[in-house]
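Q: Hi! Could you walk me through this one while I have it open?

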Number of protein chains: 2
Amino acid sequence: MRRNLTVYDIAAEAGVSVATVSRVLNNNDKVAENTRYKIQSIIDKYDFKPNEVARSLFKNETKLIGCILPDITNPYYSTVLLEAEKYALMNGYTMMICNTRGDSDNYAMYLQTLVERQVTGIIYMGGESVETMQLHQLLKKYEDRLPIVMINWSMQDINCFCVQSDEEQGFLMLLDQIAKEGYRDVALLAGKRGVMPTELKVSLYQEAVRKGIFNEREEYLIDGEFSVEYGMKAMKQLLSLPVRPEVVIGINDIIAVGILNACHMHKLSVPEDIKIVGFDNINLSSVVYPSITTIGHDYENLARKAVDLIIDKTALVKRERIFTFPMEYICRESF
Amino acid sequence: MRRNLTVYDIAAEAGVSVATVSRVLNNNDKVAENTRYKIQSIIDKYDFKPNEVARSLFKNETKLIGCILPDITNPYYSTVLLEAEKYALMNGYTMMICNTRGDSDNYAMYLQTLVERQVTGIIYMGGESVETMQLHQLLKKYEDRLPIVMINWSMQDINCFCVQSDEEQGFLMLLDQIAKEGYRDVALLAGKRGVMPTELKVSLYQEAVRKGIFNEREEYLIDGEFSVEYGMKAMKQLLSLPVRPEVVIGINDIIAVGILNACHMHKLSVPEDIKIVGFDNINLSSVVYPSITTIGHDYENLARKAVDLIIDKTALVKRERIFTFPMEYICRESF
DNA sequence: TTGTAAGCGTTATCAA
DNA sequence: TTGATAACGCTTACAA
């Protein structure tokens with residue numbers, strides 16, 4: 001429980017000044033070879049490591065990245081975080097994590113905390129649609145002060161960085177694959193309405209119906225929330241219809257798993273009796289049987305870009321704010 | 001992009017000294033009501049927040065908790081982390097996360113980094129059996145200097161805190177439930193041998209066989225690794241046996257999902273044709289169909305205890321090092 | 001090549 | 001009740 005060593009202790013034992021110790025520590029400045037050797041061996045002897053907090057204070061740079069997200073338990077977020085952390089590590093940065101857990105007050109509170117802790121930048125992943133006034137004000141206040149990167153999220157009127165998947169391209173690719181195989185009775189379980197990603201996909205689906213690519217059946221579009229339970233329930237509803245769909249799209253993989261569960265329950269074989277596709281390519285979709293065909297984010301590049309924007313000190317003064325990455329069709333067993 | 005405000009700026013504008021500003025900030029010391037008001041209104045005006053790094057340096061206390069774990073994408077770890085973070089937040093602590101991603105060198109490196117960053121304490125969750133010499137040395141070096149809490153993990157010869165589930169009680173409870181229902185042909189897919197949790201469960205299973213509670217069939221104990229793929233493969237092997245087991249135990253839920261997949265593939269109904277149980281109660285086990293009966297950790301209390309040990313400055317000088325929490329039988333559809 | 005000293009932004013001690 | 005000042009542990013001008 002003894003006090004930590006400091007550069008003063010090392011300097012004293014080596015009979016030099018702290019400045020010289022610091023020079024050895026950062027081996028940038030010129031130090032005589034034998035002085036360096038003497039100091040280095042004392043450093044090694046005690047395995048001395050400089051206090052990063054003091055360093056951060058002096059340099060006004062913590063090499064800390066804060067990450068605000070709804071729930072790390074959700075594989076979509078944990079995959080992004082894993083990739084971000086991997087890349088941050090390579091660059092000497094450490095990640096701090098903040099789970100808002102669906103409480104919209106937490107967003108503002110965490111944002112505040114991270115700024116007070118002088119993080120270099122913040123990765124922000126929204127999930128709920130609720131935006132408090134306070135959050136909005138804080139983002140406005142900080143948007144020019146430190147890099148805030150929203151991944152697959154954006155907010156009206158806020159000029160933060162935005163790193164996103166091209167969900168339009170991704171979803172169109174999915175509809176295309178379905179159309180290409182000649183299916184016309186296609187249902188969409190849309191989850192929670194009113195948030196941007198849902199509305200985008202719903203309108204693309206409706207456009208396909210309007211264009212006559214899919215048959216028009218109002219009962220084939222069901223909304224609710226983003227959960228396995230909802231997927232099961234809505235799927236049961238579809239299965240009780242006089243004309244069953246040939247393909248059911250879960251607007252995300254979580255819902256697709258619910259759809260799959262309902263099929264198992266009704267002893268339907270997938271993909272023989274009915275086909276299922278999802279969206280997001282969370283690891284869950286590859287783990288169930290049959291594995292789910294889906295559209296995948298480029299998790300690695302999304303995360304790397306976000307970290308890059310935080311690390312690169314010149315990013316804030318550049319004009320570019322939005323970075324879009326293509327999505328990928330991942331063919332598995334369910335379609 | 002302008003410089004952050006400091007207590008000096010506030011003091012200057014209020015015409016007082018920084019000491020008084022600091023007193024208002026921490027409202028402990030006595031400050032005249034009208035001085036306080038004047039200062040507070042300037043603080044409010046700029047929404048001034050003190051620099052936490054400077055605070056940490058002075059107080060020699062960062063209120064940071066580091067968490068080292070194999071892979072946040074694994075729901076077991078993310079659930080613990082979620083609970084820990086929730087409780088840390090309530091106490092003004094922030095979590096840092098370090099994914100070792102199966103690279104045993106990373107454990108030592110992250111441990112080092114966290115200590116340099118002066119975290120208040122470290123939560124450590126191992127996963128691989130590989131322990132480097134270096135890691136062992138570092139743990140020995142730091143075990144008395146700051147609280148290091150291992151959750152469901154321990155290391156020979158290391159005197160860190162150990163917060164654990166009573167896996168013996170949990171697994172016995174599982175075997176009991178199976179025996180109580182009168183099943184005697186019970187298989188165990190054991191995953192990776194050689195690590196403590198596996199060996200414990202295998203020996204409890206073997207003891208049940210020796211006692212004649214379960215029938216002795218060597219082919220019913222298969223080892224491999226902790227993955228869905230292994231679970232499927234091993235289950236297929238079981239299904240090709242002349243006498244199929246009535247119940248198959250996955251040593252964890254991941255493997256149990258693989259077992260379930262193999263059943264779906266073979267068009268077997270669960271639990272009608274064959275029963276499945278898992279272990280850990282990760283969220284995955286409740287999401288598949290049929291949902292998997294399992295033994296659950298007390299995630300909340302494990303995490304809270306770990307955080308408590310870090311927060312409580314007196315814990316290190318106390319003698320108690322091991323804290324055990326009972327596990328829970330969670331009855332679902334697969335058994 | 002090395003040392004002295006100032007400064008990073010706080011808080012706490014001591015004196016006024 | 002308030003202010004001056006040292007201290008936390010480091011780095012970097014600047015001087016020697």
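**Where the chains meet**

A: Happy to. This is a predicted model. A good place to begin is a salt bridge between the side chains of A:Lys141 and B:Asp47, at 2.8 Å from N to O.

Q: How many salt bridges are there between chain B and chain A?
A: The count is two.

Q: And how many residue pairs are in polar contact across that interface?
A: There are 24 such pairs, with both residues at pLDDT 80 or more.

Q: Which element gives the largest share of the side of chain B that touches chain A?
A: That is H5(B), which gives seven residues. By class, this side of chain B has 27 nonpolar, 18 polar and 15 charged residues.

Q: What area do the two chains bury between them?
A: Chain B and chain A bury about 5400 Å², with 56% of it on carbon and sulfur atoms. The contact takes 60 residues from chain B and 60 residues from chain A.

Q: Switching topic: how many residues does helix H11 of chain B have?
A: It has 13, running over residues 253-265. From first C-alpha to last it reaches 18 Å, close to the 18 Å expected at 1.5 Å a residue.

Q: Why is H11(B) described as largely enclosed?
A: Because 12 of its 13 residues are buried, the rest of the structure largely encloses it. Among the buried ones are B:Asp253, B:Gly258, B:Cys263 and B:His264.

Q: What goes on at the start of H11(B)?
A: There, a side-chain oxygen of B:Asn252 comes to within 3.1 Å of the backbone nitrogen of B:Ile254.

Q: And just after H11(B), which residue takes a positive phi?
A: That would be B:Lys267, with a phi of about 55°.

Conventions. Residues numbered from 1 in each chain as written. Chains lettered and ligands numbered in written order. Predicted model: local features only at pLDDT ≥ 70, side-chain atom pairs only at ≥ 80, totals over all residues. Heavy atoms only, no water. Helix = DSSP H or I, 4+ residues; strand = E, 2+ residues; numbered from the N terminus. Expected span 1.5 Å × (residues − 1). Buried < 20%, exposed > 50% of the residue type's maximum accessible area, 1.4 Å probe, protein only. Polar contact = N/O pair within 3.5 Å; in protein donor to acceptor, adjacent residues only side chain to side chain. Contact = heavy atoms within 4.5 Å. Buried area = accessible area lost by both parts, 1.4 Å probe. Salt bridge = Lys/Arg side-chain N within 4 Å of Asp/Glu carboxyl O. Nonpolar A, V, L, I, M, F, W, Y, C, P; charged D, E, K, R; others polar.
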